[in-house]
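Trainee: I should like to learn how the features of a protein model are read. May we work through one together?

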Amino acid sequence: MIRLEDVTRRYGDTTAVDSLSLEVAEGEVCVLIGPSGCGKTTTLRMINRLIEPTSGHIFVDDRDILSMPAEELRRGLGYVIQSIGLFPHLDVAANICVVPRLLGWEKSRMAKRVDELLALVGLDPEAYRDKYPRQLSGGEAQRVGVARALAADPPVLLMDEPFGAVDPLNRERLQSEFARIQRELKKTVIFVTHDIDEAIRLADKIAIMRDGKLQQFDTPEQVLNHPANKFVHDFVGADRALKRLVRVRVADVMRSPATVLADSDALTVRVGAGRRRFAYVVEPDGRLVGWVDTNEVDRGLRPVEAMTRMDPVEASVRPDDSLRDALSRMLGLGFRAIAVTDKHDVLLGEVTFAAVEEAMTEGDEHISNQPAEDAE
Amino acid sequence: MGAMVALAGATALPFVELRANRLVPGAAHSVAAAGPWAYLLWLLVGVGFLSAVAPTEKARAASSTASGYGLVVALAWGIGHAASTLLVGQPSAARVSLGAGVWVLLAGTAILGFSGGVERRRKLVRWAGPLVLTALAIAAAFAWGGLDRISLAREFAVRASSFWTLLGGHLAMAGTGLGFGLALGVPLGLWATRNRHVRSVVLGVTGVIQTVPSLALLGLLIAPLAALSQAVPALRALGVRGIGATPGLIALTLYALLPIVRNTYVGLAEVDPAVIDAGRGMGMSSWQLLWRVEFPLALPLIIEGVRTASVLLIGITTLTVFAGARNLGILVFEGLGQFAPDLILLGALPIIALAVVADVALSALGRALTPEGVRA
């Protein structure tokens, strides 16, 4: 889909990008990463010709981009930047419609598209379409920025540190929403960041750059397990095992839990919980309400009397969460296992500390094809 | 504060002067000459004082506004009364002129009116009502109150036909200069944002022009223009001469340049670079970016420059009579030549009024053209 062949960009004596070759397949997220000044942003901006290469060729969809008018090229490449750059004099709807308007869409089609996109990025169309950029928070503005880039449904998205200026909490939410949107839309994405966690989380392929040169171009798993050189090794960091957990989804390692009905008697508890010491207590509709020590039940107490209540929001993870989320939640609560629930608090399974340990050491096993993300 | 000024004007200074003819100094008469209207004046000054001590914000505003408008009306009728009574039995050459007290009273009135919040009222209907009533009351004073008998009105009566021509000439001159200034200044300001060398030259030169005294500039223009008109008959046929409207128009255009060029430059330069980057990245051409993004965002500042320039030009137009132009400046300088203060006023008052109207109107236009999303 996107191919860079021997691309070089020089500024006077300095070489910002040094004979870089890359190929990104359709529907893939390619993250360009490296320390500042490594040439990642220059590379991105050469793809939509905001910067022209000194030498080399760039192909989008097998067409040499230098052979097409820059404006036409750019209208087919969604563009998201860190500082967002919403037009302050236009409302949210008009901001989203910049490219559709350039392409001459009809009004009704644009209005429909605005509502679609706002819903897609998690903003209520009714409440947001008439707002002005200055009325938006940083996170909201960046959502609008993403919606604007997607407006004309370009096959390619170019994102230059899109979540870099957002606070850490919002950044994680934006990342997981981006992962969700990407699973839905399957765009070809070039994503620039300097945050290795973000890269590992979102990338299908990571291109690590230094001083304009490509150091390693591979899947996150390969980058974590087999760094190509010392620079990559150091850049990825000492906590590679922990980072690997980001790539594993809870759904891939969870096991079926021992459960008892809150309202059952002691005998059924024993049967339901099998040999396990602890069992999750659920309502008849499957909603998690607490946990119980089965030894307590042996003394004749009913689960509803013996159980420790728990708040499912606090004490459980979602199937789409990463193992790192599960691990940190376990450590925070002091549990050796954690419940997995859906968004209605229905118990789906549990993840044990042992399973996390296994994933950490084995690395390549259990690794999902999808980036891990927070479910809604 | 306003009431203090008004009180001082009403007590310490002469209200009107009775003179044997329009040139000689005359005898001062106090407010008592206003007859019954003097009592109303005192009363309204009292109301003005109330505005300083009234308990609520609303009461303060109401009393100062009421006394402000009321004083204007009472003054018109009081002066009319004084003129009619003082002129009884005098020869027809005798004149009644406004004394210093009237001007000080008017100054106090203006302070009272403004502290009542006139300038804060954006809604036309709210301040148009009292304004129209006041204007009607003053017109009535002309028709029936004897205000038409004061010296200023008689100077006007003598020159009624040429007055309107000169007023038109003044407007045409300042308006044309402003038009040329706009036509030249906006492109120059735009050019300055695109080219660093142009910027230093353009901003430097317009700045230097501003420091040249207007009379000197007019004088400097006369000789070269005369020579040019001699040498090129085509220009001569167009009316380009060393003496006449041409040197004045050129001078006015040059003076209009600085505020317009500078504000255009600043307005365009202040547009967030991220906004430009986003626009270019989405595939807007330079023209589309300029018309849809940069100009709308810079427009309020450009209008602000036009406002500054228009006030400046209305004043400087007065001086262009020295190079042979015909406008209200003629009245001022004839008045100066004849030592006829009321003739000076006949020229100066409309010039001031024009400047104030231009100022208010262009401020309103600037507000109206500020895009909603960037309004403070």
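The dialogue below takes up chain B, its helices and sheet, the side of chain A that touches chain B, and one residue of chain A.

Mentor: Please keep in mind throughout that this is a predicted model.

Trainee: Let us begin with the overall make-up. How many helices and strands are there in chain B?

Mentor: Chain B holds 15 helices and 3 strands. Its C-alpha trace spans about 75 × 60 × 30 Å along the principal axes. Of its 376 residues, 42% count as buried. As for contacts in chain B between residues at least 6 apart in sequence, 75% of them join residues at least 24 apart.

Trainee: How should I describe two helices that pack against one another?

Mentor: Two packed helices are described by the angle between their axes and the distance between the axes. In chain B, take helix H7 (residues 160-194) and helix H8 (residues 196-211): their axes come within 6 Å and cross at roughly 140°. Angles over 145° would count as roughly antiparallel, so at this value H7(B) is oblique to H8(B).

Trainee: Which residues of H7(B) and H8(B) make the contact?

Mentor: H7(B) contributes Leu188(B), Trp191(B) and Ala192(B), while H8(B) contributes Val198(B), Arg199(B), Val202(B) and Leu203(B). By class, the residues of this contact between H7(B) and H8(B) are 6 nonpolar, no polar and 1 charged. The crossing of H7(B) and H8(B) is left-handed.

Trainee: I should like a second helix pair. At what angle do the axes of H6(B) and H15(B) cross?

Mentor: The axes of helix H6 (residues 151-158) and helix H15 (residues 341-369) of chain B cross at roughly 70° and come within 9 Å. H6(B) and H15(B) are therefore roughly perpendicular to each other. On the H6(B) side, Ser151(B), Leu152(B), Glu155(B) and Phe156(B) meet Asp342(B), Leu343(B), Leu345(B) and Leu346(B) of H15(B). The residues of the contact between H6(B) and H15(B) comprise 5 nonpolar, 1 polar and 2 charged.

Trainee: Turning to the strands, in what order do they lie in the sheet of chain B?

Mentor: The 3 strands form an open sheet in the order S2-S1-S3 (chain B), with antiparallel pairing. Strand S2 (27-29) and strand S3 (95-98) of chain B are the edge strands, each pairing on one side only. From one strand to the next, the twist averages 30°. Strand S1 (residues 16-19) of chain B pairs with S2(B) over 3 bridges in the antiparallel sense. Leu18(B) stands opposite Ala27(B) in S2(B).

Trainee: How is the size of an interface expressed, and how many residues of chain A are in contact with chain B?

Mentor: The size of an interface is often given as the accessible area lost when the parts come together. Here the description is by residues: 21 residues of chain A are in contact with 18 residues of chain B. On the side of chain A that touches chain B, helix H2 (70-75), strand S6 (77-81) and helix H4 (98-102) of chain A each supply at least two residues. That side of chain A divides into 12 nonpolar, 4 polar and 5 charged residues.

Trainee: Finally, a single residue. Is Leu44(A) buried or exposed?

Mentor: The test is a count of neighbours, and 20 or more other C-beta atoms within 10 Å make a residue buried. Leu44(A) has 22 within that distance, so Leu44(A) is buried. This residue lies in helix H1 (residues 40-47) of chain A.

Trainee: Which residues does Leu44(A) touch, leaving aside those up to four places away in sequence?

Mentor: Leu44(A) touches Leu32(A), Leu158(A), Asp160(A), Ile190(A) and Val192(A). In addition, the C-alpha atoms of Leu44(A) and Met159(A) are separated by 8.1 Å, although the two residues are 115 residues apart along the chain.

Note on methods:
Residues numbered from 1 in each chain as written. Chains lettered and ligands numbered in written order. Predicted model: local features only at pLDDT ≥ 70, side-chain atom pairs only at ≥ 80, totals over all residues. Axes fitted to C-alpha atoms, helices over the stretch in contact; angles between N-to-C directions. Helix = DSSP H or I, 4+ residues; strand = E, 2+ residues; numbered from the N terminus. Parallel < 35°, antiparallel > 145°, perpendicular 65-115°, else oblique. Left-handed = near helix turned anticlockwise from the far one by under 90°. Contact = placed C-beta atoms within 7 Å. Nonpolar A, V, L, I, M, F, W, Y, C, P; charged D, E, K, R; others polar. Buried ≥ 20, exposed ≤ 12 C-beta atoms within 10 Å, placed from the backbone. Pairing = 2+ DSSP bridges.
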